[in-house]
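Here is a short note on side-chain contacts in this model. Please read the points with the structure open.

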Amino acid sequence: MIRNIPFSPPDMTELEAKMASEAILSGWITTGPKTKEFERRISDWCQTCKVVCLSSATAAMETALRLLGVGEGDEVIMPAYTYTATGSVVCHVGARPIMIDSQTDNVQMDYDQLSDAITEHTKVIIPVDLGGVVCDYDRIFSIVEAKRGLFKAATPLQEFFGRVVVLADAAHAFGARWHGRMCGAIADFTSFSFHAVKNLTTAEGGALTWNLPHEFAQHIFSSCFVSDFPVKGNDETLDDYIYRLCQLLSLHGQSKDALAKTRPGAWEYDIVGPWYKCNMTDIMASIGLAQLERYPDLLHRRRDLIERYDEVLSPHNVSLLTHYGDDFASSGHLYLMRLNGRTRDEANLFIERMAERGVACNVHYKPLPMMTAYRRLGFDMANYPNAFRLFENEVSLPLYTRLSDDDIDYILATASQIISQ
């Protein structure tokens with residue numbers, strides 16, 4: 001019997017409905033106590049000092065770039081093999097995206113090319129933890145340290161780092177571990193997505209974490225930040241100050257959020273900058289809190305599914321993304337499979353045949369230089385042959401925690417049959 005297996009529906013239960021309903025009936029539905037609690041819980045999970053929750057991972061990445069003062073004349077290095085959000089935020093702030101080809105048969109960027117691409121204009125590198133697998137940050141940080149002499153700081157926060165800043169696009173990787181550290185506490189800044197298709201969802205939403213250099217992470221500075229931002233208070237740690245700036249950037253530059261304005265006699269506020277609107281709501285955060293309670297079990301189920309996929313598919317002529325090793329564990333977000341020796345048309349035919357049997361598949365990713373918007377910026381796919389080879393025969397199979405064992409058996413039997421044809 002043909003089944004109906006979608007690609008990536010959210011895993012919602014009565015707990016999410018109950019906690020969202022409680023937020024709705026509480027009389028407080030925008031940014032408030034549930035959002036603050038969700039931030040604290042994410043901070044505990046990721047082992048970071050602070051977290052700010054926002055409306056998307058895109059907003060989180062752009063916020064980090066604006067905190068750093070990245071803008072016109074600056075360069076930001078990123079992989080060509082990613083989703084548009086990685087590149088669009090660079091364009092939003094007026095900087096120039098510099099795309100790097102993938103490694104041969106590896107979804108991570110070519111680190112030798114990365115090293116060669118760093119110039120005196122480079123301010124940020126955005127690695128992408130594709131599929132939930134954390135990048136090689138040892139290699140990335142060794143590269144930026146080796147290039148310290150080229151770095152030209154333009155803002156006080158850039159001066160504190162004294163080198164190119166590493167901003168992880170970890171939209172897929174919440175809950176991943178690498179070398180004993182949680183994703184979120186590895187890169188200088190990390191952006192997470194809680195979109196509807198992600199492992200942990202708030203329907204829409206995202207979060208930004210930061211991992212400041214140890215020598216000044218908790219120190220209280222008497223110096224103050226300049227440029228468009230308000231002065232850092234003498235009684236603020238840098239972590240607290242960055243959190244406050246994130247709040248300002250996400251809520252029109254308003255000096256008090258709605259919760260603070262409800263205190264007796266505290267209606268008055270200032271607008272300290274003509275900024276943006278990308279805050280998370282308490283309804284979203286309540287869903288996230290419910291998801292976070294369930295998250296260890298969700299991660300465990302994803303690992304079970306991936307190991308079952310690997311067991312059956314490995315004997316076929318396919319290449320599979322490695323999610324687990326001795327010193328790392330993926331979040332298990334996507335199951336990427338490459339049909340070795342097949343063309344894009346043949347891979348598309350595989351997807352069509354799976355769909356005829358009720359199984360929805362996807363592709364991650366069509367490289368950005370193939371997209372109209374980035375071709376117009378001057379990018380040429382011919383300069384990214386490894387990224388094209390990764391895309392040419394890639395198929396993503398359904399991977400989500402509502403899949404039953406019978407569903408997985410059906411997917412595997414169907415995929416194995418079609419691959420063998």
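1. Rings of Phe, Tyr and Trp (its six-membered ring) pair if their centres lie within 6.5 Å. The model is predicted. A search of the whole structure gives 12 aromatic pairs.

2. One such pair is F161 with F189. The centres are 6.1 Å apart and the planes meet at 45°. That counts as tilted, because stacked needs under 30 degrees and edge-to-face over 60. The two rings join distant parts of the chain: F161 is in helix α7, F189 in strand β10, 28 residues apart. Are they buried or exposed? F161 is buried at 2% relative accessible area, and F189 is buried at 0%.

3. An aromatic cluster takes in F38, W45, F174, F192, F194 and Y295.

4. Two charges lie over rings. K123 is over the face of F151, 6.0 Å from the ring centre. The charged end of R303 is over Y324, 4.1 Å from the ring centre.

5. How many salt bridges does a search of the whole structure find? The search finds 18. One of them joins R3 and D407 at 2.9 Å, N to O. These residues are 404 apart: R3 precedes α1, and D407 is in helix α14. R3 is partly exposed at 33%, whereas D407 is buried at 14%.

6. D11 and R294 also form a salt bridge, at 2.9 Å. D11 is buried at 14%, and R294 is buried at 17%.

7. E311 and R308 form a salt bridge at 3.4 Å. Both lie in helix α10, three residues apart, about one turn. E311 is exposed at 54%; R308 is partly exposed at 32%.

8. Salt bridges also link E145, R148, R163 and D188 in a network.

Notes: Residues are numbered from 1 along each chain as its sequence is written. This is a predicted model: local features need pLDDT of at least 70, side-chain atom pairs count only at pLDDT 80 or more; totals for chains, interfaces and linings use all residues. Side-chain values use heavy atoms; hydrogens and water are left out. Helices (H or I, at least four residues) and strands (E, at least two) are DSSP runs, numbered from the N terminus. Buried means under 20% relative accessible area, exposed over 50%, partly exposed in between (1.4 Å probe, protein chains only). A charge sits over a ring if NZ of Lys or CZ of Arg is within 6 Å of the ring centre and within 35 degrees of the ring normal. A salt bridge is a side-chain nitrogen of Lys or Arg within 4 Å of a carboxyl oxygen of Asp or Glu.
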